[in-house]
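Morning, everyone. I'd like to walk you through one structure today. Please have it up on the screen as I talk.

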Amino acid sequence: MIPPYPLAVACAAIFAGTVATFAQMLLWWLAGTPVIDTLLRDARLTAAIIMGAEVLQQGPGWRWDVMAWATAIHFALSVTYALIAWPLARALNLAAAVRFGALYGAAIYVINLHGFTYVFPWFDVSRGWVTTLAHLVFGASLFASRACLARRMPPKRAKFGELR
């Protein structure tokens, strides 16, 4: 099913994915974790889904192809999760959207860091409180952006003969 506002879904997904990434970087910094090295490590972990596990053997150096694949995968997952969340968050006010969004982010954490590790076991190194909080931020910002966008979008009109 195509959502009624695909651009709004994509914008909410990109917004939430970006906010979560910056929140994770801030949390790494506050925890005393080397931010750039950890970001590059996580980019390699993500890019390895497409590029293969051999990319994991490389050092923490910058590679444009690794960053491009990691970014594409990150935002593709963000859009996928936004498509799922879009109808769930439709009727929520902002406060409820943030609460339910955080729960949604917790579910995504379990899927990403415990479910996907059966197929991509190298992600287990990313588990922890920082990644958990980043997923909570993703869910909360995704649902909050959905709630804000819902106020700005015109209501969907029923077509002739369609039940509301």
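**Arg41 and its surroundings**

Let's start at one side chain. Arg41 counts as partly exposed, at 24% relative accessibility. Before I go on: this is a predicted model. Please keep that in mind throughout.

Where does Arg41 sit? It lies in helix H2, which covers residues 35-51. Which residues does Arg41 touch, if we skip those up to four places away in sequence? They are Val125 and Ser126. Take Val125. In sequence, Arg41 and Val125 are 84 residues apart. In space, their C-alpha atoms are 9.8 Å apart.

Arg41 also has a charged partner. It forms a salt bridge with Asp42, and the closest N and O atoms are 2.7 Å apart. Now compare how the two partners are covered. Asp42 has 13% relative accessibility, so it counts as buried, the cut-off being under 20%. Arg41, at 24%, is partly exposed.

**The other salt bridge**

How many salt bridges are there by the rule used here? The count comes to 2. We have seen Arg41 with Asp42. There is also Arg63 with Asp65, where the closest N and O atoms are 2.5 Å apart. Look at the exposure of this pair. Arg63 is at 28% relative accessibility and counts as partly exposed. Asp65 is at 18%, so it falls under the 20% limit and counts as buried.

**The overall fold**

Let's zoom out. The protein has 5 helices and 0 strands. Along the sequence the pattern reads α-α-α-α-α. There are 164 residues, and 40% of them are buried.

What about contacts over long stretches of sequence? Take the contacts with a separation of 6 or more. Residues 24 or more positions apart account for 66% of them.

Now the outside. The protein exposes about 9,800 Å². Carbon and sulfur atoms supply 71% of that area.

**Inside: two cores**

Next, the interior. The largest nonpolar core holds 18 residues. Which of them touch the most other members? They are Tyr104, Phe138, Leu142 and Phe143. Four helices each give two or more residues to this core: H1 (6-31), H3 (64-88), H4 (94-115) and H5 (129-152). The largest share comes from H1, with 6 residues.

Stay with Phe138 for a moment. Leave out residues up to four places away in sequence. Phe138 then touches Ala13, Ala16, Gly17 and Ala20. It also touches Ser78, Tyr81 and Ile108. Apart from this core lies another one, of 14 residues. Among its members are Ala48, Val55, Met67 and Leu113.

**A loop residue: Phe116**

Now Phe116. It is found in the loop between H4 and H5. Buried, partly exposed or exposed? Phe116 is partly exposed, with a relative accessible area of 29%. That is because partly exposed runs from the 20% limit up to 50%. Setting aside neighbours within four places in sequence, Phe116 is in contact with Leu77, Tyr81 and Ile111. You have met Tyr81 already: Phe138 touches it too.

**A nonpolar patch on the surface**

Which residues make the nonpolar surface patch? Leu26, Trp29 and Leu30 do, and the patch is about 380 Å². Look at Leu30 in particular. It is found in helix H1. Its relative accessible area is 58%, which is over 50%, so Leu30 counts as exposed.

**Cysteines**

Last stop, and one for anyone thinking about thiols. How many disulfides are there by the rule used here? The count comes to 0. Two cysteines deserve a look. Cys11 has 43% relative accessibility and counts as partly exposed. Cys148 is partly exposed as well, with a relative accessible area of 35%.

Where is Cys148? It is found in helix H5. Pair it with Ala12. The two are 136 residues apart in sequence. From C-alpha to C-alpha, Cys148 and Ala12 are 9.7 Å apart in space.

**Recap**

To sum up this predicted model: 5 helices, 0 strands. The largest nonpolar core has 18 residues, and another core has 14. There are 2 salt bridges and 0 disulfides. Leu26, Trp29 and Leu30 make a nonpolar patch on the surface. I'm happy to take questions.

Conventions: Residues are numbered from 1 along each chain as its sequence is written. This is a predicted model: local features need pLDDT of at least 70, side-chain atom pairs count only at pLDDT 80 or more; totals for chains, interfaces and linings use all residues. Side-chain values use heavy atoms; hydrogens and water are left out. A nonpolar core is a set of buried Ala, Val, Leu, Ile, Met, Phe, Trp, Tyr and Cys residues joined through side-chain atoms within 4.5 Å. Buried means under 20% relative accessible area, exposed over 50%, partly exposed in between (1.4 Å probe, protein chains only). Contact means heavy atoms within 4.5 Å. Patches are made of residues with over 30% relative accessible area and no salt bridge: like charges are joined within 9 Å, nonpolar side chains (Val, Leu, Ile, Met, Phe, Trp, Tyr) within 5 Å. Accessible areas come from the Shrake-Rupley method with a 1.4 Å probe; for residues, only the protein chains shown count as cover. A salt bridge is a side-chain nitrogen of Lys or Arg within 4 Å of a carboxyl oxygen of Asp or Glu. A disulfide is a pair of cysteine sulfur atoms within 2.5 Å.
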